[in-house]
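Hello,

Here is the structure I promised to pass on, with the sequence alongside. Have a look at it first, and then read on for what turned up.

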2 protein chains.
Amino acid sequence: MDILVAILTLSAAVIAILFAVFTARSVMKFSEGNDLMKKISASIRKGANAYLKRQYVIVGIFFAVMFVLLSVMALFELLTPYVPFAFLTGGFFSAFSGFIGMKIATASNARTANACQEGLNRGLRVAFRAGSVMGFTVVGLGLLDISVWFILLKFVFGLKPADITGAMLTFGMGASSMALFARVGGGIFTKAADVGADLVGKVEAGIPEDDPRNPAVIADNVGDNVGDVAGMGADLYESYVGSVISAMALGVAAFHNIQSMALPMLIAALGVVCSIIGTFFVSTKEGATQKQLLRALSRGTNFSAIVIAVAAFPLVWFILGKENWPMYFAILAGLVAGVLIGQSTEYFTSDSYKPTRNLAATSETGTATIIIGGLSVGMLSTLLPIVIVSVCVLVAYFVSGGADSASQGLYGIALAAVGMLSTLGITLATDAYGPIADNAGGIAEMAGLDKKVRERTDALDSLGNTTAATGKGFAIGSAALTALALMASYIDKVQTIDGGKAAIANLSITNPTVLVGLFIGACLPFVFAALTMNSVGRAAQSVVKEVRRQFREIVGLMDGKAEADYATCVDLCTKASLREMILPTIVAVIVPIIVGMILGCTGVVGMLAGATASGFLMAVFMSNSGGAWDNAKKYIESGVHGGKGSENHKAAVVGDTVGDPFKDTSGPSINILIKLLSMVSIVFAALVVGFSIL
Amino acid sequence: MDILVAILTLSAAVIAILFAVFTARSVMKFSEGNDLMKKISASIRKGANAYLKRQYVIVGIFFAVMFVLLSVMALFELLTPYVPFAFLTGGFFSAFSGFIGMKIATASNARTANACQEGLNRGLRVAFRAGSVMGFTVVGLGLLDISVWFILLKFVFGLKPADITGAMLTFGMGASSMALFARVGGGIFTKAADVGADLVGKVEAGIPEDDPRNPAVIADNVGDNVGDVAGMGADLYESYVGSVISAMALGVAAFHNIQSMALPMLIAALGVVCSIIGTFFVSTKEGATQKQLLRALSRGTNFSAIVIAVAAFPLVWFILGKENWPMYFAILAGLVAGVLIGQSTEYFTSDSYKPTRNLAATSETGTATIIIGGLSVGMLSTLLPIVIVSVCVLVAYFVSGGADSASQGLYGIALAAVGMLSTLGITLATDAYGPIADNAGGIAEMAGLDKKVRERTDALDSLGNTTAATGKGFAIGSAALTALALMASYIDKVQTIDGGKAAIANLSITNPTVLVGLFIGACLPFVFAALTMNSVGRAAQSVVKEVRRQFREIVGLMDGKAEADYATCVDLCTKASLREMILPTIVAVIVPIIVGMILGCTGVVGMLAGATASGFLMAVFMSNSGGAWDNAKKYIESGVHGGKGSENHKAAVVGDTVGDPFKDTSGPSINILIKLLSMVSIVFAALVVGFSIL
């Protein structure tokens, strides 16, 4: 049984990776276009590579320090000796996922632009395939990491189930901290470059977006790759792996058998196969309308979701036995909840619906009203997702027999998270192709291609916004469920360490350490959002100054007679974002240890619950406010409320600029934050049990 | 013993009310100035009266419906028969506190302006005395309500201690719902008028603030009274009464004796006396500088705080017995925490410190950066208050013996809230005089008084901002502590109803009903903030249209030859704000019942904890963002970063306008929301225990 599981999971991992490799090869067969396009693409590639190289150096130092720290703890038997190594592999694979995604994205941006010269459908094919490479790399590496460690710990070292999952949770911490570095650093880079380029280029100098005379234009395109692609890859690797291993750990806690541990792995493996099949349904006839393109993409994701919804049933029946088959509904609840949160996101942020249209109308009374309006759209949009997640949690808990056995109910919640992320391969593909299309548009502009090409890349990009909304639903929803599952894993871990003694006896919400932990935890997303927004502000200001300097000092730049010094801007963004990413990440790693040392394990549990609740709300609020502002601006640009260049449009641009760090830096980082807090708590649990004050 | 307590508390109530009456008489002796000033003041008074009258009609309907509902519940023995009457009196006194405050404020605005003609110090004296009337009316009526009900229930109806506090908690619900109506309605009125007057008058027509040609100028001044004065009065009456009665209820739960119930009443009574003495220390020599004035005010509040800190010690020793004297430190912790939160508020929002100065500097790069900057200042500013409240909670809990007896620890937390609010008489006086000075400035402008007068009222107003920051610290901090105490009261109530059976057995934070309640509760402040911000937006838009219409249609208005139709604007604001205040309040009353009926009592407890944590954070965030923007704008107006009229100043004005509903509508309303949720839960506990689904 257990060998079969290991083989099946490993096979799925290999299949995903092979699929990614073959898809990548097929992408590389497309032409990059003319020499100018090749040159621009090469500059972007060079900038992105340089950024990642330097990011890895800094992250490497962090990982080295943590490795030593964890090794010392292992020496004192506060951890098993596998932990430091698991930590490293988690970080490595997370980084690698982002790296591969970035590689394929920077290799396919010019190819997409060139394909768009031939037709919209051809452009979609290149961009979607590149997105698929990223999607299947993430799930493939995730499953590889999980299955190899499972095989090592189970068959080579012969550990007990509880020890296996204990060690595996540690590579979740590695993956989470890498993901946070990638998301925060990349998010700061991309928004600093974006804001800097827009403020000086578009507003002050009055040149169009992506104009080659703008010194920050390459940095802006590099930012799309290191932020939206590499950051997202590392982020979702972490979500994916985190949901599977926390479910494995809770399965062992609930049933003490290998089957319950196998189920999450097998669902994930099944999801890979279904997702690959789904990609073949993404095709459309030449000359398709945008609606037809969207339907083509949805066909792929819907097909995958339906197949997994059907196939998961016999799997649960077979693995958990017929007395536990209702746990199938936990998986289903997760899948459905993910879709519904995505639809809620779309409702609040798409200009096809009332909220964003009304927001666009508030621009009529000025900047202040569109800012207030956008903030309240975001705040109001938290209600539906929280109700959806709540219902999902209750369903998952109670169908899994939580009324009789809390640990089974918690396992059910974790299974819901796995169900939600099971189709990640294809949902991530539809998500990741957006930034590629965005980059392709930039290259089309800079290379002076036909206007039709830019229109086509814009069509792809805007299509990407819709699919990205669905993707965000999965990312945010699964983050909340996984964080809850990890909280349960933490409690289980503490009970294992101290043999069910006092450390975690009173988790009542009226226990003041739980309450105070809750307060502190709920505060963290606010502080984290403030820190990351400030970082974007500081980094953007340095870009603004540099771009102004170049406009002033480089003679002939504005007439197109001299070339801008792109590399300096890229370098500046790199330095600024790497400098700024350190503090928020360190905060996320240190706070759980401090809270634990002062308030004890009950305080940590309170902190995790508070951070999950308020983090979920802040992430939804900030992402949706940002999305609504972005699309309200685009809606005005389509010609309503005075259209482009009007006072109303200017007000909407301010809204969009405020929304940039909201939706692309702070919002998504909070998703990782709440899981990293749990991961750190789990790894340092023994320390807290042994040495806390209260 | 119990008769003595009743007499002492009642005496303190009478003393406070007499002091308010005498102070009011001394204010009325000052002259209102010339005929024009009298006329303007009369218009403001008329508008404010008209608003309150119509507000009371709508609120009256709500109270009538609730009274019938509660009576029906009492008939079915789900409540004691005293409850409906207690509910009514709570609402009545809360409204009455606001009413008296508004009366004295509208009677003293012209008097303050006139006194400022003679000197700054004389102006301070009138405004501070008027503020004192409000402060001592609130605490006097609060103590009167508490002591009369105590006497009735104890000596006339002869109830047991637990039944006494059970009935008294109900007038907390009456007070809270009245306070929410007053804060939300008044907050919408004042900001709709403010935004409407500024957007059309200042920005579009280019006339100065408070210019008599602006049709919304009277409405703007009415708004200061119905929002900042009547709203604040009702609000703090609710905080004050809520903290005392929740402490009484928890005292009974912990010690089952009359002493523990007497202590909060006696601390409050002691606080009244200390506060009255403190007011006599507020005086300064003629020609004092602003710093000296501030010192004069601080001398009053500091003196009161120190006296109560000293006098509370023997009181606790004597009442609770020497074995419980460490509970004194709970009271002290509350007092100190209130002061510290106030200082943190001042640090983040005053232009004497870095955060607001840096925020002003972000205006250099435009509107978007000052918006992002203000949001992050507000978010970051949540950290210190949350740490202060956390430490206060832990200290109060553990010094009160919470380690051995949870109910004693919870009583300690409630005592901290009482300690924090014990000096409310004088802190509210220093808080309430701000809007009066603001109004005086408006009258000085409209009556065309000497420029020096406006400068003096501005000096008083800006002084008021500093003291208001301290006041806000007390309001927000005590709201969090009181909400926690009420949560404990709720649990106690449920246990009493079902005899300690299953309804509330598992309050563990891992119980999914608790967790889901936590999620829903944490979401409520976000939704509430969104609703109230939208209301301000809608109401402001109707004012904007009306002001534009008058400028267009009234011939000779801009040349000063025709008079604006002020009454229509006042009427419009009245209608709009009354219409908009209904939905948010209904939401706050209905949600706890729905959550309870679905999730049961454990879900309600989760909801209360979630709402308290996220509500505290949102209230601090929104108040401080708003305060920082306001003062950053004033800082720029003082001549830095280009000064008044520059592009930077325009950016700062947008920030200030966004901050208006943040700090004066949504932020303070959330304070009330979190307590009203608890109050409603307590009153409807029997319904939930009997009929909930989960």
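To compare the copies, they are superposed by least squares on the C-alpha atoms of residues with pLDDT of at least 70 in both. Please keep in mind throughout that this is a predicted model.

**How the two chains are related**

Chain A falls onto chain B after a turn of 180° and a shift of 0.0 Å along the axis, with an RMSD of 0.0 Å. The two copies are therefore related as by a two-fold rotation axis. If you want to find that axis on screen, start from A:Ser508: its C-alpha is the one in chain A nearest the axis, at 2.1 Å. Both copies use the same surface, since 100% of the contact residues of chain A recur in chain B.

**Where the chains meet**

The contact involves 63 residues of chain A and 63 residues of chain B. On the chain A side, the elements that give two or more residues are α11 (367-380), α12 (383-399), α13 (406-421), α15 (451-498), α16 (512-553), α17 (566-637) and α18 (647-683). Among these, α16(A) provides the largest share, 18 residues. What sort of residues make up the side of chain A that touches chain B? They divide into 43 nonpolar, 20 polar and no charged.

**The helix that gives the most to the contact**

α16(A) deserves a closer look. With 42 residues at 1.5 Å each, α16(A) should span 62 Å, and its end C-alpha atoms are 61 Å apart, so the two figures agree. There is still a bend of about 25° in α16(A) at A:Leu524, and a proline, A:Pro525, follows within four residues. Of the 42 residues in α16(A), 33 are buried, so the rest of the structure largely encloses this helix.

**Two other helices to compare with it**

In chain B, helix α18 (residues 647-683) has 37 residues, which at 1.5 Å a residue should span 54 Å; the end C-alpha atoms are 54 Å apart, in agreement. α18(B) bends by about 35° at B:Gly659, and here too a proline follows within four residues, namely B:Pro661. Because 34 of its 37 residues are buried, α18(B) is largely enclosed by the rest of the structure.

Back in chain A, helix α4 (residues 120-156) also has 37 residues and reaches 52 Å from its first C-alpha to its last, close to the expected 54 Å. α4(A) is mostly covered, with 28 of its 37 residues buried. After α4(A) comes A:Gly158, with a positive phi near 60°.

**A few single residues**

Most residues other than glycine have a negative phi. With that in mind, you may like to look at two residues in chain B:

- B:Glu77 has a positive phi, near 60°, and is not a glycine. B:Glu77 sits in the loop between α2 (35-75) and α3 (83-118) of chain B, and it counts as exposed because it has 9 C-beta neighbours inside 10 Å.
- B:His256, also not a glycine, has a positive phi of about 55°. B:His256 lies in the loop between α6 (217-255) and α7 (258-279) of chain B, and with 13 other C-beta atoms within 10 Å it is partly exposed.

Two glycines in chain A are also worth finding:

- A:Gly464 belongs to helix α15. Is A:Gly464 buried or exposed? It has 24 C-beta neighbours inside 10 Å, and a residue with 20 or more counts as buried, so A:Gly464 is buried. Beyond its neighbours within four places in sequence, A:Gly464 is in contact with A:Tyr433, A:Gly434 and A:Ala437. Its C-alpha is 6.5 Å from that of A:Asp431, which is 33 residues away along the chain.
- A:Gly206 is in the loop between α5 (161-205) and α6 (217-255) of chain A, and it is exposed, with 8 other C-beta atoms within 10 Å. From A:Gly206 to A:Met487 the distance is 51 Å, C-alpha to C-alpha, and the two are 281 residues apart in sequence.

**How confident the predictor is**

Chain A averages a pLDDT of 89, and 99% of the residues score at least 70. Among the elements of chain A, α12(A) has the highest mean pLDDT (95) and α15(A) the lowest (84). For the complex, the predictor gives an ipTM of 0.93 and a pTM of 0.94.

Happy exploring, and best wishes!

Key:
Residues are numbered from 1 along each chain as its sequence is written. Chains are lettered from A and ligands numbered from 1 in the order in which they are written. This is a predicted model: local features need pLDDT of at least 70, side-chain atom pairs count only at pLDDT 80 or more; totals for chains, interfaces and linings use all residues. Two residues are in contact if their C-beta atoms, placed from the backbone, lie within 7 Å. Ala, Val, Leu, Ile, Met, Phe, Trp, Tyr, Cys and Pro count as nonpolar, Asp, Glu, Lys and Arg as charged, and the others, Gly among them, as polar. The expected span of a helix is 1.5 Å times one less than its number of residues. The bend at a residue is the angle between axes fitted to the seven residues ending there and the seven starting there. A residue is buried if 20 or more other C-beta atoms lie within 10 Å of its own, exposed if 12 or fewer, and partly exposed in between; C-beta atoms are placed from the backbone. pLDDT is the predictor's confidence in each residue, from 0 to 100.
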